[in-house]
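Work through these exercises with the structure open beside you. Try each task before reading its solution.

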Amino acid sequence: MRIGPYELRNALAVAPMAGVTDRPFRPLCRRLGAGYAVSEMVASNPALRHTAKSRRRIDHSGEAAPIAVQIAGADPGTMADAARYNVDLGAQIIDINMGCPAKKVCDVAAGSALLSDESRVAAILEAVVAAVDVPVTLKFRTGPTPQRRNAPRVARIAESAGIAALAIHGRTRACAFVGAVEYQTIAEVKRAVSIPVFANGDIDTPDRARQVLEATGADALMIGRAAQGRPWIFREIAHYLETGRRLAPPTVDEVRSIVLEHLRDHVDFHGEVVGVRTARKHLSWFCARLPGGGPFRSAMLAHDTVAGQRGEVERYFDALAATGAVIDNEASVAHGRRAADGAAAARRSTVPWVREALAA
């Protein structure tokens, strides 16, 4: 699997997820089996470049090549300038976001809202490709709505513009993260172009990974929500695709080490005030599928220091080890899907306390 001059270690990628795939999380996933990782979405608006959030999102110090940065916006000139700016800071691949279904992104005609305007899609892709001397990729969806699926046309526009690879989430903008993934549409995209295609959407087990590759003919897989709290999913899938055999799940002690390492790196990167707050979702994801995960989450949320959070993690995993608990990823997949669907519904909610609970 190649993107321009870069040969990837394998055909598994971490999907860009705002608020999730920050600098501590990307190397963790790569260490645990991912061959490629794309940064959080970076706004193209130059007025936002010097905010604390933007500075963290463009910090790639210590990361292994290729460093891929995703940019978002609706104006061809501004997007071209953002691409140049990020390449100057070390980006080796520029990824263009035309897949985000979030209201605040689509309300400014960016993200998946762009799929309703194919001429603007072409203008943005052409402007960004012309602006930089690194590979440019595109992440997009199957169309604006189920009645207006235009992904194969967008894919051909992208290939004509010089895009080096595509990643397609198999749902429309209107579907967000709910409902069946349209693997048939991904297959149509693969047949429509000759450039590499990543299939994305509900790939949460080794079996599903193989089924998606067979059904779509895609060159690679991009995994997002299934890696939240389970970054070792990449090595499980990689092992299964290579050998046809299942890899043993991590031990409780290994998961403890992964969680504590990630908590340390997360707080070191974000600082204690921001880091403790933003680590809560990661800690919740890590333990959501494990025995006693609910009470652990309640106790962990009561702390506003990293020492307090670390103490709760230590106590929780001591208790798991004492009971002889075993990590069983396969048995928890259905639970994970239900939780993800519930979170998607909460994000769309207009009820303030629902949004606040999710943010915590």
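**Exercise 1. Find the residues that touch the most other members of the largest nonpolar core.**

Solution. This is a predicted model. Its largest nonpolar core holds 85 residues. Within that core, Ile-96, Met-98, Leu-125, Leu-138, Phe-140, Leu-166 and Phe-317 touch the most other members. Next, ask which element gives the largest share: helix H10 does, with seven residues. Another core lies apart from this one. That other core has 14 residues, among them Ile-3, Leu-8, Ile-93 and Met-222. A general point helps here: in soluble globular proteins, nonpolar side chains tend to be buried together.

**Exercise 2. List what Leu-138 contacts, leaving aside neighbours within four places in sequence.**

Solution. Take the partners in sequence order. Start with Asp-95, Ile-96 and Met-98. Then come Leu-125, Val-154 and Ala-158. Finish with Ile-163, Ala-165, Leu-166 and Ala-167.

**Exercise 3. Trace the barrel and say how its strands pair.**

Solution. Follow the order S3-S4-S5-S6-S7-S8-S9-S10. These eight strands form a closed barrel with parallel pairing. From one strand to the next, the twist averages 25 degrees. Now zoom in on one pair. Strand S5 (residues 68-72) and strand S6 (residues 93-98) run parallel and are joined by four bridges. Val-69 has Ile-94 as its bridge partner in S6. Ile-71 has Ile-96 as its partner there.

Then add helices. Helix H6 (residues 151-161) packs on the sheet and touches strand S7 (136-141) and strand S8 (165-169). The direction of H6 makes about 170 degrees with that of S7. Helix H8 (residues 206-216) lies across strand S9 (197-200) and strand S10 (220-223). H8 runs at about 130 degrees to S10.

**Exercise 4. Why is S6 described as largely enclosed?**

Solution. Count the buried residues: six of the six in S6. Therefore S6 is largely enclosed by the rest of the structure. Now sort the side chains by direction. Ile-93, Asp-95 and Asn-97 point one way. Ile-94, Ile-96 and Met-98 point the other way. Both sets are buried. The general pattern is that side chains in a regular strand alternate between the two faces of the sheet.

**Exercise 5. Describe helix H11 and decide whether Thr-278 is buried or exposed.**

Solution. Begin with the helix. H11 has 17 residues and reaches 23 Å from its first C-alpha to its last. That is close to the 24 Å expected at 1.5 Å a residue. H11 has a kink of about 30 degrees, centred on Ala-279.

Now place Thr-278, which lies in H11 (residues 272-288). Its relative accessibility is 15%, so Thr-278 counts as buried, the cut-off being under 20%. Other buried residues of H11 include Gly-275, Val-276, Arg-280 and Phe-286. The cover over the buried residues of H11 includes helix H1 (25-31), helix H10 (252-270), helix H12 (293-301) and helix H13 (306-323). Beyond four places in sequence, Thr-278 is in contact with His-266 and His-270.

**Exercise 6. Locate Tyr-316 and find which residues it touches, not counting those up to four places away in sequence.**

Solution. Look in helix H13, where Tyr-316 lies. Tyr-316 counts as buried because its relative accessibility is 9%. Tyr-316 touches Cys-287, Leu-290, Pro-291, Gly-292, Gly-293 and Phe-296. Last, check a distance. Tyr-316 and Leu-247 are 69 residues apart in sequence. In space they are 25 Å apart, C-alpha to C-alpha.

Note on methods
Residues are numbered from 1 along each chain as its sequence is written. This is a predicted model: local features need pLDDT of at least 70, side-chain atom pairs count only at pLDDT 80 or more; totals for chains, interfaces and linings use all residues. Side-chain values use heavy atoms; hydrogens and water are left out. Helices (H or I, at least four residues) and strands (E, at least two) are DSSP runs, numbered from the N terminus. Buried means under 20% relative accessible area, exposed over 50%, partly exposed in between (1.4 Å probe, protein chains only). Contact means heavy atoms within 4.5 Å. The expected span of a helix is 1.5 Å times one less than its number of residues. The bend at a residue is the angle between axes fitted to the seven residues ending there and the seven starting there. Two strands pair if DSSP finds at least two bridges between them. Axes are lines fitted to C-alpha atoms, for helices over the stretch in contact, and angles run from 0 to 180 degrees between N-to-C directions. A nonpolar core is a set of buried Ala, Val, Leu, Ile, Met, Phe, Trp, Tyr and Cys residues joined through side-chain atoms within 4.5 Å.
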